[in-house]
Amino acid sequence: MQQIPTACDVLIVGAGLTGALLARRLVDHDVRVVVLEAAPDAALGATARGAPLALLGTPQPYAQLVAARGSETAAEIWELTRQNLALLQATAQRLGQQVKPTGSLRLAGPETEVWRESAHLLQKAGFAVALQDAARLGYPLGLQVKEDLAFDPVALALALLDHPGIILQTETEVQQILPSETDLEIWAHNHYIRTKAVVLAGGAHSVRLHRGLGQHVKPLPVQAVACSMTEALPLPLVLPGGQVVTQAEGQWQFVGWRATTEAEALDDLLAAAMQFCPTAPVRRRPASWVGQSVDGLPVVGELPDFPRIYTVSGLGPWGFSWAFVATAQLLALMLEDVAPTLLNVQRFA
């Protein structure tokens, strides 16, 4: 492990996928970067425990998104996630990491009309989707989305951090950030660092370091269960509540959440596992925590009233659908003074 310096240009809190993306792009611009991670290794939290998919759009049916935000904003949200997929492909190709186009089938609940309307509106907006009969899976129909991508988020994060210009220190929890006249003073476990700027990229843990951020980003527990299945899953599934089902190494993995309690999220997943894998052994995997913004969109930008403290947080349980485009917008702000669009933290002001 490299010797941690006493000063840097940008200090990044969190060595998950977003922190790794930021660090790599900054050092490519000759910025002195230090990344601090509280866990024993990089990419151990939500990056390692989420569904290894970057999905187009949001968990809710598109027709509901249009009703809540209007057709123009709904289309912009989906277009941002499409840009995210393109950035993921370009990043992975540059680093020699594999990305596999898989698409997904988003299963409809009892209210099928909202899904029919969603398909019509998405096709009208230029997105490649199609309705399918999903009776074989126990659902009336499904919406097939063709642009979703499967990838290994841990391998990609570690490849991004594998650069001599990035100073990574694990098992180092940031305890306090204090502003001074020209710099920020960082107190962490056994370390003191002065930096010109800080980026909070620690997901749910970012709110601990900035109380105001906690008004807009809430911690959300994400559960996972797996069942041993040799039968092939034809393509990833998205259940009506937004839970994701994928397959790897002879297992079907179910990843989901519930905004109420951790126990209820697990109950939902166990019920889904019993539905799809009634005779297969089921085991629970460790839970993780993600930050979920109050309006469901990432929170990106310089924190109000706290100059030089930036954040990319609140990505939610579909965080890989936002990580690349959210970090790109933050980098545009930090390097070129171009403000984020829909994701700007200033929207809460």
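Is aspartate 183 buried or exposed? In this predicted model, aspartate 183 has a relative accessible area of 18% and is therefore buried, since the cut-off for that class is under 20%. This residue offers a convenient way into the structure, beginning with its charged partner.

Aspartate 183 forms a salt bridge with arginine 194, with 3.6 Å from N to O. The two residues come from distant parts of the chain, 11 residues apart: arginine 194 belongs to strand β12 (residues 191–200), whereas aspartate 183 sits in the loop between β10 (174–179) and β11 (184–188). Unlike its buried partner, arginine 194 is partly exposed, because its relative accessible area is 27% and the partly exposed class lies between 20% and 50%. Arginine 194 also meets glutamate 185 in a salt bridge, here with an N to O distance of 3.1 Å.

These contacts belong to a wider set, as the model has nine salt bridges. Another joins the side chains of arginine 82 and glutamate 147 at 2.9 Å, N to O. Because arginine 82 lies in helix α4 (residues 71–95) and glutamate 147 in the loop between β7 (141–145) and β8, this pair ties together parts of the chain that are 65 residues apart in sequence. Arginine 82 has a relative accessible area of 23% and so is partly exposed. Glutamate 147 is likewise partly exposed, because its relative accessibility is 23%. Elsewhere, salt bridges link Asp9, Arg32 and Lys196 in a network.

Attention now turns to the aromatic residues. A pair of aromatic rings is described by two quantities, the distance of the centres and the angle of the planes. Seven aromatic pairs are counted in the model. In one of them, the ring centres of phenylalanine 151 and phenylalanine 320 are 5.5 Å apart and the planes stand at 75°, so the arrangement is edge-to-face, a class that calls for an angle over 60 degrees. This pair links distant parts of the chain, 169 residues apart, with phenylalanine 151 in strand β8 and phenylalanine 320 in the loop between β19 (309–313) and α8 (323–336). Phenylalanine 151 and phenylalanine 320 are both buried.

Phenylalanine 151 has a further aromatic partner in phenylalanine 324; that pair is edge-to-face too, with 6.3 Å from centre to centre and 70° between the planes. Since phenylalanine 151 is in strand β8 and phenylalanine 324 in helix α8, the contact ties together parts that are 173 residues apart in sequence. Both of these phenylalanines, 151 and 324, are buried. A separate group to look for is the aromatic cluster formed by Tyr62, Trp78 and Phe127.

Phenylalanine 151 appears again in the description of the pockets. Rolling a probe the size of a water molecule over the atoms shows where empty space is left. The second largest pocket has a volume of about 760 Å³. It is lined by 28 residues, and those closest to its centre are Pro52, Phe151, Thr246, Gln247 and Ala248. Several elements give two or more residues to this lining, among them α2 (46–49), β4 (99–101), β8 (149–151), α6 (153–161) and β15 (244–248). Also in that group are β16 (251–257) and β17 (282–293). Sorted by class, the lining of the second largest pocket consists of 15 nonpolar, eight polar and five charged residues.

Some of these strands also take part in a sheet. Strands of a sheet pair through backbone hydrogen bonds, either parallel or antiparallel. Here, eight strands make an open sheet with mixed pairing, in the order β6-β7-β5-β14-β15-β16-β13-β17. Strands β6 (129–133) and β17 are its edges, each pairing on one side only. At the β6 edge, β6 and β7 pair in the antiparallel sense over five bridges. Aspartate 133 stands opposite leucine 141 in β7.

Finally, two residues have a backbone angle worth a look. Arginine 308, which is not a glycine, has a positive phi near 75°. Its place is in the loop between β18 (299–302) and β19, and arginine 308 counts as partly exposed because its relative accessibility is 23%. Aspartate 337, also not a glycine, has a positive phi of about 60°. This aspartate is found in the segment after α8. With a relative accessible area of 66%, aspartate 337 is exposed, because that class begins over 50%.

Note on methods: Residues numbered from 1 in each chain as written. Predicted model: local features only at pLDDT ≥ 70, side-chain atom pairs only at ≥ 80, totals over all residues. Heavy atoms only, no water. 1 Å grid on protein atoms, 1.4 Å probe; cavity = no way out; pocket = protein on both sides within 12 Å on 5 of 7 lines; lining within 4 Å. Points joined across faces, edges and corners; volume = space filled by probe spheres on them. Helix = DSSP H or I, 4+ residues; strand = E, 2+ residues; numbered from the N terminus. Nonpolar A, V, L, I, M, F, W, Y, C, P; charged D, E, K, R; others polar. Phe/Tyr/Trp six-rings, centres within 6.5 Å; stacked < 30°, edge-to-face > 60°. Buried < 20%, exposed > 50% of the residue type's maximum accessible area, 1.4 Å probe, protein only. Salt bridge = Lys/Arg side-chain N within 4 Å of Asp/Glu carboxyl O. Pairing = 2+ DSSP bridges.
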